[in-house]
Amino acid sequence: MGRLLNKFVRFVIAKATKTGLEQELDGAAQSGRLAYDAIVPIARRAAAEGIVLLKNENVLPIQSTDKVSVFGRCAVNYQPVGYGSGGDVREPYVVNIIDGLKEVGVALNKELLECYDDWLARPKNTPDEGFWGHWPMHFPEMPLTQELVAKAAQSSDMALVVIGRAAGEDRENKLKPGSYYLTKLERQMLDLVTARFSRVAVVMNCGNVIDMAWTRDYGDKIGAIVYAWQGGMEGGNALADVLTGRVNPCGKLSDTIAVSYDALPSAQCFGNREYNNYAEDIYVGYRWFETFAPEKALYPFGFGLSYTNFATQSSGSVNGTQVEIKAIVKNTGALAGKEVVQIYVSCPQGTLGKPAKALAAFAKTKELRPGESQELILSFDLAELASYDEKKSCFVLEAGQYRIFAGSDVRCAQEILTHTLSTAIITQQLSEVMAVKPEHAFDRLVNRNGKPVYEQVPTATTDLKKIILDHLPKEVPFTGDVGLKLADVTSGKCTLEQFVAQLSPQELDDISHGEGKMNSALGVAGNAGALGGVTESLRARGIPPIIATDGPAGIRIKRTCALLPCGTMQACTFDLDLIKELYSAIAEEMKRHGSHLLLAPGMNIHRNPLCGRNFEYFSEDPLLSGKMGAAVVNGLQKAGVSASPKHFACNNQETNRNRNDSRVSERALREIYLKGFEIMVKKSAPHAVMTSYNKINGVWSHYNYELATTILRKEWGYNGLVITDWWMQKSASPEFPQLKNDAYRLRAQVDVLMPGGDGPFGSSKVGRALLDTYCKPGGITLGEMQSTAANVLRFALATM
Ligand code: BGC
């Protein structure tokens, strides 16, 4: 009895000492509710605005008088997001397509629904969610009969056919039915439905772009095609909004959809285990299609229809290299809607060769009522379109005509202005970095007078060892403990340097490692790890433990959190304010759960649609990726938490992702693969950046001095933290063979090994930088250790 009473008293005290927020969180966690409901309407809006209408021959929107037959199991087994760290969120609910349609009052063919429900209720038809790296790519369809479809057609006005696909981390999509291609059952479903229904809309519930060549086989039998991506927990509601016209479609493709896989520029050099030569060079996505193969694009980059029409009048002026475009967009149709104005530039071919068009700016209108107009001003500097000359190590605007186009996709954009540069302008003088190793030389694509020509890629000539030694960070004399706390830096009592000067060698070593594992006991259950104040000694100096959680599609912890539309869908909104607002809301949710750092956004370029993680990433275009990335970072950081954009860089495939070598020219790196990160870093100053697992031109990103130091910090002026992706590969520095593993990493100024300790690649045995080499000839220096500590502490101060 006494023990029971004690337990009760402890319970009452515990209850009483819990803050209001903690009690609310407990309540929310127990009932599977969100701790921050304000996200819901924003998530719904973002999902609706990311949906892309590819075709519509008077099939959509669904009218209030329409009765609709819905085919395809993913209308029920909706795919809200991809698999892996970027999608593994404990969402409170997922509104599937059927629920979404019912919610907005669409009359559905109940008999058909029941048929699907009965079939889905059989144990053998329960979706098999698989396990890490072995997730399903699709769920097999329910076989349909002629009779069932004929009966459905008799009693309904139209059919909706849903095709679903899932992709995920640590594995690639495959060129097989059920992944990139449709299955026999899916084709059969389309055959039967298009034979019986005269009004058919197909909905693609896929995180990646998949083959769409089959749409041609059906011609006008398929009257509408909607690329609905993976819309997170509100996906079904958002889709219902668009299908019924509550939201007029306004999403635009962030990737080109090719007529076939073979038509893709990277088709021949993707997915190899050891290395991939990026032979298509800068001609990624629409840069390839618009320049060399316009007929091979089924749907061009930037494309997306509306239920209304717009007329846009654009004019512009150039002052020096500064361009200003005025676009007046008028809604000339009968329904309210939004339009995206896209500006492209065609640079003169010069000696370097250029893509036919490159995105230079974009802007989205507010919702325009029929007859209403809006003036948009879009400005950019031509310098942002400069090409990288590897011979002279500079970005240059070559002499000649700069043609400026405006329109609602890359293909239909009309020339509105020409500006002539009589002499070339070097916009940035840099130095050679990260070039292809001579022993790995390959032929890469170059544009020679409109003809695709393959020429040998320039190879590395630099002496990296000398560059590193010439720029070793200065050391601050070690003072030993003088009792300073980190808060003394904030209050101005001491400088960061003085604080760092008292850290012991052991502390300097500790601070360059995460606490040791995922799900750190220092933070909310299910976190991805802790860094900063990871030992008693560091915490005693007032350095807080910083809790990292995955992203990007929501907060991945063992609590109920909002599940957002996938990254590609976010990019298709072309709405930076909306995405910023979405992540400000996520920041509030993070604060409630004690997450300081979101491992997001995913920023790798969509080089090939088979990449398993494309759903997390934005686009094939670096400007769109960069601006979207900045919107996410600004949304999070302006609301008081931190972001860690990832995976820096060239994590363009999942096959052998920890060992694969992305071999790519310096020009393609600078113009395409690093460009998005550069734009994001300069526009949003993320508190952290995560390196990628792969090698780039023979060097793992987590050991890559040129990537993390020369480019990121020196060229772009970044002064935040660089962390590894989770665990790293063992290796020794070719320039300084005595530096291995952590010491090799530290010399690159990749500050923190995450999550720090035992890992799948034996990182516990990689040896500590300092203990092995500190103060030994040729070893890691005190200055390097202190510089890393300062990066971690600056980050801690920003998140405190
Ligand atoms: C992924 C990262 C993720 C990390 C922590 C890695 O496998 O590549 O994107 O943030 O795990 O979960």
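In this predicted model, strand E2 spans residues 67-71 and is mostly covered. Four of its five residues are buried, that is, each has under 20% relative accessible area.

Strand E2 pairs with strand E3, which covers residues 107-108. The two strands run parallel and are joined by two bridges. Within this pairing, Val-68 has Leu-108 of E3 as its bridge partner. The connection between the two strands passes through a helix. From E2 the chain goes through helix H4, residues 97-103, and on to E3. This β-α-β crossover is right-handed.

Strand E2 also pairs with strand E4, formed by residues 158-165. Here four bridges join the strands, and the pairing is again parallel. Val-70 is bridged to Leu-160 in E4. Strands of a sheet pair through backbone hydrogen bonds, in either a parallel or an antiparallel sense.

A further sheet involves strands with higher numbers. This open sheet contains four strands in the order E8-E26-E28-E29, and its pairing is mixed. Strand E8 (275-277) and strand E29 (699-700) stand at the edges. Each edge strand has a single partner strand, so one side of each is left without a neighbour in the sheet.

At one end of this order, strand E28, residues 695-696, pairs with E29. Two bridges join them, and the sense is antiparallel. Across this pairing, Ile-696 stands opposite Val-699 of E29. The E28-E29 pairing is thus antiparallel, whereas E2 runs parallel to E3 and to E4.

Conventions: Residues numbered from 1 in each chain as written. Predicted model: local features only at pLDDT ≥ 70, side-chain atom pairs only at ≥ 80, totals over all residues. Heavy atoms only, no water. Buried < 20%, exposed > 50% of the residue type's maximum accessible area, 1.4 Å probe, protein only. Pairing = 2+ DSSP bridges. Right-handed = clockwise from strand over helix to strand, strands pointing away.
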